[in-house]
Amino acid sequence: MGKSNIGYLLLLPRFEYSAPRTLEEACALLSQNKGNAKVLAGGTDLLVSMKKRNESPSHLISIRAIPELDYIRYDHENGLKIGARATLQSIASSPVVKNTFEVLATACRKVGTPQVRNMGTLVGNICQAGPSQDTIPALLVLGARLKLVSSPGERVVPIDEFFEGPFQSVAKDDELLTEIQVPPPPTQSAGSWQWVPKGTEVDETLVGVAVLIVAHSSGEICDDIKIGLTSVAPTPMRARRAEEVLRGNKIEEKLVEQAAQVAAEETIPRSRADYRRRMTSVLVKRAVNEAWQNVK
Ligand SMILES: Cc1cc2nc3c(=O)[nH]c(=O)nc-3n(C[C@H](O)[C@H](O)[C@H](O)COP(=O)(O)OP(=O)(O)OC[C@H]3O[C@@H](n4cnc5c(N)ncnc54)[C@H](O)[C@@H]3O)c2cc1C
């Protein structure tokens, strides 16, 4: 590649920039510039994408000056609430997330480099809606819900229903994702997050798996289980047929093997399909066994 091409990649296209101080103002700006504006959080996906000319919004609306979006709160009744400005690093090192939602803390800690985690937000990771976003399996198994706000009103969407295709979600052009809501974890539950180690911190994850398992009070039976996968389909996904294999049953080696195989069959990898399927099976087995050990 010639020097001029490298320079081209590093230059941002021209855009208008706004830094509103309230959510109301941000929503009004999004509505006025519908279709031409994008929300700017940490910029670790958006600015790279603009430099590569994958997208060229004419207006960026930064949410970094809106204090009301910067929070991580927890109470036993309502669960965890994470505002749109909370960075991956602040979530990974939050005591309440580490103690109560460890699977999410682990996933946030695994994203990119320290610089990326200090700038990038969890909400940005969700809104990017790529097939290999690292935090989504954890949010899928924890049953997260997403609050979308626009000038006309607001709605809450379960994360299972958010992704429509690669880099496509149900969020409309004038909607801002303001909050992630995670219910308190069920009693007698434990999670695990497993991934294929990356060659470098900036490589894409080849396979990522999160599991949340709930044990019956007897401690012998799996009352409920959720399995979330990333990088193995056009969008992050639940392995629902594999969950069915284990739900309501005693966790035994043969059954875990069967569930892991079913999970691999549910995937729709876009490349390196054999390897990704094999690793899905390995990681699901590992995650189920680890979560089961932790819950007992
Ligand atoms: C070197 C490097 C390494 C990386 N490594 C990883 C990795 O290991 N794993 C991984 O998953 N990702 C990785 N990423 C991607 C990126 O860092 C994450 O996806 C990050 O969480 C994005 O958050 P952000 O705040 O920077 O989002 P931004 O770049 O600001 O925004 C991303 C998208 O979300 C939209 N958006 C942001 N906030 C909102 C909102 N509140 N409402 C509506 N839309 C919104 C933006 O308009 C944009 O379309 C990496 C990126 C880089 C540059």
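The following legends describe close-up views of a predicted protein model with a bound ligand.

The model is predicted, with local features requiring pLDDT of at least 70 and side-chain atom pairs counted only at pLDDT 80 or more, whereas totals for chains, interfaces and linings use all residues. Residues are numbered from 1 along each chain as its sequence is written.

**Figure 1. Overall fold and domains of the protein.** The protein contains 12 helices and 14 strands; helices (H or I, at least four residues) and strands (E, at least two) are DSSP runs, numbered from the N terminus. Domain 1 (3-62), domain 2 (67-182) and domain 3 (189-295) divide the protein, with bounds that come from an automatic or database domain assignment. Between domain 1 and domain 3, the C-alpha centres are 36 Å apart. The C-alpha trace spans about 60 × 50 × 30 Å along its principal axes. The radius of gyration is 20 Å, which agrees with the value near 19 Å for a compact globule of 296 residues; this radius is taken over C-alpha atoms, and the globule rule is 2.2 Å times the number of residues to the power 0.38.

**Figure 2. The shell around the ligand.** The ligand is surrounded by 31 residues, of which Ala41, Gly42, Gly112, Gly124 and Cys127 are the closest; a residue is near a molecule if its C-beta atom, placed from the backbone, lies within 6 Å of it. Both domain 1 (3-62) and domain 2 (67-182) give residues to this shell, so the ligand lies between them. At least two shell residues each come from strand S2 (37-40), helix H3 (46-51), helix H7 (114-119), helix H8 (122-128) and strand S10 (176-182). The greatest share is that of H8, with five residues. By class, the shell has 17 nonpolar, 11 polar and three charged residues, where Ala, Val, Leu, Ile, Met, Phe, Trp, Tyr, Cys and Pro count as nonpolar, Asp, Glu, Lys and Arg as charged, and the others, Gly among them, as polar.

**Figure 3. Helix H6 and its cover.** Six of the eight residues of helix H6 (residues 102-109) are buried, namely Val103, Leu104, Ala105, Thr106, Ala107 and Cys108. A residue is buried if 20 or more other C-beta atoms lie within 10 Å of its own, exposed if 12 or fewer, and partly exposed in between, with C-beta atoms placed from the backbone. The cover over these buried residues includes H8, helix H9 (136-141) and strand S12 (208-215).

**Figure 4. The largest nonpolar core.** This core holds 85 residues, and Leu104, Val211 and Val284 touch the most other members; a nonpolar core is a set of buried Ala, Val, Leu, Ile, Met, Phe, Trp, Tyr and Cys residues joined through C-beta atoms within 7 Å. Residues up to four places away in sequence aside, those touched by Val211 include Val141, Ile225, Ile227 and Ala291; two residues are in contact if their C-beta atoms, placed from the backbone, lie within 7 Å.

**Figure 5. The surroundings of Ala259 and Pro158.** Ala259, in helix H11 (residues 253-266), is buried, with 27 other C-beta atoms within 10 Å. Beyond neighbours within four places in sequence, Ala259 is in contact with Ala242, Val245, Leu246, Val284 and Val288. Pro158 belongs to strand S7 (residues 153-158) and counts as exposed, because 12 C-beta neighbours lie inside 10 Å. The C-alpha atom of Pro158 is separated by 6.2 Å from that of Leu146, 12 residues apart along the chain.
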